[in-house]
Amino acid sequence: MRTSPPTIVNIGGKIITIRIDPKLESWGEYRADDEEIVLASKTLERQSTLRETLRHEILHASLDIAGISHLTVYQEEAIVRCIDNVFHPAWDKVRKQLTTLD
């Protein structure tokens, strides 16, 4: 059964577009410069694959938007705060949307 992801997600106050690219070879990518998450068509074949891939890309986006991916040294508290305050709120909304598709 093919499923559909939401078309946007709010991550840390920034609207990130979600789109499908049938030519994408990897499962998914977060493209910071384009403010988008791109998913391969194959992620739509199983709800669990879509959920895991989208969660993974939202985490990449969260780390970038919170500035974590730009740190030159490991700062555990910054990472935990990013996950708690940026990633989880975004993911919780998307997860609820995906659950209604089940």
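A residue is termed partly exposed when its relative accessible area lies between the limit for buried, under 20%, and the limit for exposed, over 50%. This classification is applied below to a predicted model, beginning with its overall architecture and continuing with its charged side chains.

The secondary structure of the chain consists of 2 helices and 4 strands. In sequence order these elements follow the pattern β-β-β-β-α-α. The C-alpha trace spans about 40 × 25 × 20 Å along its principal axes. The radius of gyration of the chain is 14 Å, which agrees with the value near 13 Å expected for a compact globule of 102 residues. Of these 102 residues, 37% count as buried. Among contacts in the chain with a separation of 6 or more, 46% are accounted for by residues 24 or more positions apart. The chain exposes about 6200 Å², of which carbon and sulfur atoms supply 50%.

With respect to charge, the chain carries 13 positive and 16 negative side chains. The centres of the two sets lie 6 Å apart. A search of the whole structure identified 6 salt bridges, and three of the pairs are described here.

Within helix 2 (residues 76-99), Arg95 and Asp92 are 3 residues apart, about one turn of the helix. Their side chains meet in a salt bridge with an N to O distance of 3.1 Å. Arg95 has a relative accessible area of 35% and is therefore classed as partly exposed. Asp92, at 28% relative accessibility, also counts as partly exposed.

Elsewhere, salt bridges that share partners join Arg19, Glu29, Arg31 and Glu36 into one network. One of the pairs is formed by Arg19 and Glu36, whose side chains meet in a salt bridge of 2.9 Å, N to O. This pair links distant parts of the chain, with Arg19 in strand 2 (residues 14-21) and Glu36 in strand 4 (residues 36-40), 17 residues apart. Arg19 is partly exposed, with a relative accessible area of 31%, whereas Glu36 has a relative accessibility of 9% and so counts as buried.

A salt bridge is also formed between Arg31 and Glu29, with the closest N and O atoms 2.9 Å apart. Arg31 counts as partly exposed because its relative accessibility is 22%, and Glu29 is likewise partly exposed, with a relative accessible area of 30%.

Note on methods. Residues are numbered from 1 along each chain as its sequence is written. This is a predicted model: local features need pLDDT of at least 70, side-chain atom pairs count only at pLDDT 80 or more; totals for chains, interfaces and linings use all residues. Side-chain values use heavy atoms; hydrogens and water are left out. A salt bridge is a side-chain nitrogen of Lys or Arg within 4 Å of a carboxyl oxygen of Asp or Glu. Buried means under 20% relative accessible area, exposed over 50%, partly exposed in between (1.4 Å probe, protein chains only). The radius of gyration is taken over C-alpha atoms; the globule rule is 2.2 Å times the number of residues to the power 0.38. Contact means heavy atoms within 4.5 Å. Accessible areas come from the Shrake-Rupley method with a 1.4 Å probe; for residues, only the protein chains shown count as cover. Lys and Arg count as positive and Asp and Glu as negative; His and the chain ends are not counted. The place of a charge is taken as NZ of Lys, CZ of Arg, CG of Asp or CD of Glu.
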